[in-house]
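Student: Could you zoom in on a single part of this model and walk me through it slowly? I'd like the cut-offs spelled out as we go.

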Amino acid sequence: MKKISPFIWMLTIHLISIDAYTKDFIVSSYGKKGKEVTGTIIDPFDAQYAFDGANGRIRPGDRILMRGGTYDPLVVRLSGSSQSIGTFPEWKGTQIHILPYDGERVIIESSAMGSKTTGIDKCLQIGDYDNGRFTGGEDVWVWNLEVTSANPNRIRTESGWVGATSGVWIYAKRCRLINCLVYDNPGVGVYSSVVGRESRIYGNIIFSNGYDDKDRGHGHNIYIQNEEGAGRKIVKHNILWKAANMGYQSYASFKTPSRGADISCIENISFNNGTISHTRKGVYQILVGGYSPVNNAEVDGNHVYNDNPGTGIKIGYSEQNTNTIYRNLVAKNNVIHNASFIVENPRDIRSFKNNKIIFVGTKMTLSHFDHYPLSATWDQNEYYDGIDKFQYRVLTSDPDGEAPWNHPVERKYYDFTEWRENLGIDRNAQYSADKPKNIVKIFKNEMELGRAHIVVHNFEGLDEAQIDLSAVLEKGQEYKLRDVQNLFGEVLISGKYNGSLLTVPLDLDVATPTKGNLRTISHTHRRFNVFLVEKMEK
């Protein structure tokens, strides 16, 4: 990187006093520690030494470039700064960036299952916990790494104890996890702690995380907490596939009553989670809820799918727990395929619009205290396929009472007309017993040019899809397209983009096996596929 002009710094308030270091430092799996080590291509740093700051030599605005290879678990203790200039792809900033050197393959791999004395171990930890204080890791952006475990034992026999090695653990403010692969970790794939304020989990592919215990599968692909008023966390453009438990959960407990608030779950693809557990108990692809309210939740533009009919998105935790009454819900533009949508105990619905639910069973379940008015902003949703059935669960006790678990529930089942007339919602919604036309959605990567996630809902049962990549690739650009469910297998399509529609096969049957002793599942039916497209560097 070039040094940023002092003139530009003077144009930005509060940045004049910050030294605009933009140096590159090289680390490798065979690098060394010490003041005499230069951190260059011929004299690389040890990775942990660099992540500790290399005795203060790595400064805000610098980059740590990791040579290809496999690294032991690492903790990021150095910090950047929150100041930045410009917009992607020309932005310059004072964050610290950790990424592969020249596109080489970098794997951070643990072998430990976790121990009863250390609790949950982490493969990559951003920020540190020392003597009761969380330190370091602030304003660090981590790009394009692989985080995994080599341990094949993913079955526990001691029920209720979570002691498995997790993938990425975020303890730091304003950090970013960008376009990484996080897979086959016995614990949680990615966890963002309540102290990791304003963190972003963006563009990652996260799959096959979790382990089995006697009671059920444990370990979500993404598990996230936040405090109300602490700044918004954003989880966007990730692919979440075949966890032992859920694809995504924002969560709060009785002991942490505000820790599910102010989180946005935007345009993620979550499918067939819960399937690698031998117990195969029903789970949710996206769950926004816990034992305490999840206020100011935003669930926008996500695509979920189950091979076997189940619950796609659930907002709220329990129909009879008043502690989970939440406010300011936004749930819009989601596509729920072969699954239902459940909403528990909303008090204020800011927007519940333009959701598409394609399911042969009960399409929508709403639990609601009868003295809270339902909002007219619940509208313009589309319901398809199979029976015309909606469930309304009326909670009639005082939601401010002292006994949160024993409110009587009256269950009512409506057809679409009764649903609208009796509840006064969905006045401009649509219902059809048929399936909709095919849906193809391209999520262009906002951080890396020439990269995108593609989801295809093949309701028409076609063998191929025609996909327009003109918003992602430039004419003449070399590219490769992979089947996300066979990510480490052969490239599905590659070549030079000529501007025409790309013909992509949908009848695919090879899926990446699950590492270890959990279930390996087959590829999804051709009615649902997910692809990754990337430009190829010359």
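Tutor: Start at Val455, which stands opposite Val530 in strand E48. Keep in mind that this is a predicted model, where local features need pLDDT of at least 70 and side-chain atom pairs count only at pLDDT 80 or more, while totals for chains, interfaces and linings use all residues. Numbering runs from 1 along each chain as its sequence is written, and side-chain values use heavy atoms, with hydrogens and water left out.

E48 covers residues 528-535, and seven of its eight residues are buried (under 20% relative accessible area with a 1.4 Å probe, protein chains only; over 50% is exposed, and in between is partly exposed). Strands here are DSSP runs of E with at least two residues, and helices are runs of H or I with at least four, both numbered from the N terminus.

E48 has a partner on either side in the sheet order. One is E43 (residues 451-457), which pairs with E48 over seven antiparallel bridges; pairing takes at least two DSSP bridges between the strands. The other is E45 (residues 478-483), also antiparallel to E48, over five bridges. In that second pairing Lys480 stands opposite Glu534 of E48.

Now step outward. E43 is also joined to E42, antiparallel again, by six bridges, and there Ile442 has Ile454 of E43 as its bridge partner. Put together, the five strands make an open, antiparallel sheet in the order E42-E43-E48-E45-E46. Why does the sheet stop where it does in that order? E42 (439-444) and E46 (493-496) are the edges: each has a single partner strand, so one side of each is left without a neighbour in the sheet. Neighbouring strands are turned by 15° against each other on average, direction ignored (the axes are lines fitted to C-alpha atoms, and angles between N-to-C directions run from 0 to 180 degrees). If you're following side chains along a strand, remember that in a regular strand they alternate between the two faces of the sheet.

Earlier in the chain sits helix H3 (residues 416-423), whose buried residues are Phe416, Trp419 and Leu423. These three span an arc of only 70° around the axis, which puts them on the same side of H3; the arc is taken from the directions from the helix axis to the C-beta atoms. That fits the usual geometry: an α-helix has 3.6 residues a turn, so residues three or four places apart point the same way. At the start of H3, a side-chain oxygen of Asp415 comes within 3.2 Å of the backbone nitrogen of Thr417. After H3 comes Gly424, with a positive phi near 70°.

For context, the chain has three helices and 48 strands, and 58% of its 538 residues are buried. Contacts (heavy atoms within 4.5 Å) are mostly long-range along the sequence: of those with a separation of 6 or more, 71% link residues 24 or more positions apart. Tyr101 gives you one local example, since its C-alpha atom is 7.7 Å from that of Ile26, 75 residues away along the chain. Beyond residues up to four places away, Tyr101 touches Ile26, Ile41, Leu65, Met66 and Arg67. Tyr101 lies in the loop between E8 (96-100) and E9 (106-110), and is partly exposed at 25% relative accessible area.

Conventions
A polar contact is a pair of N or O atoms within 3.5 Å; within protein, one must be able to donate a hydrogen and the other to accept it, and residues adjacent in sequence count only if both atoms are side-chain atoms.
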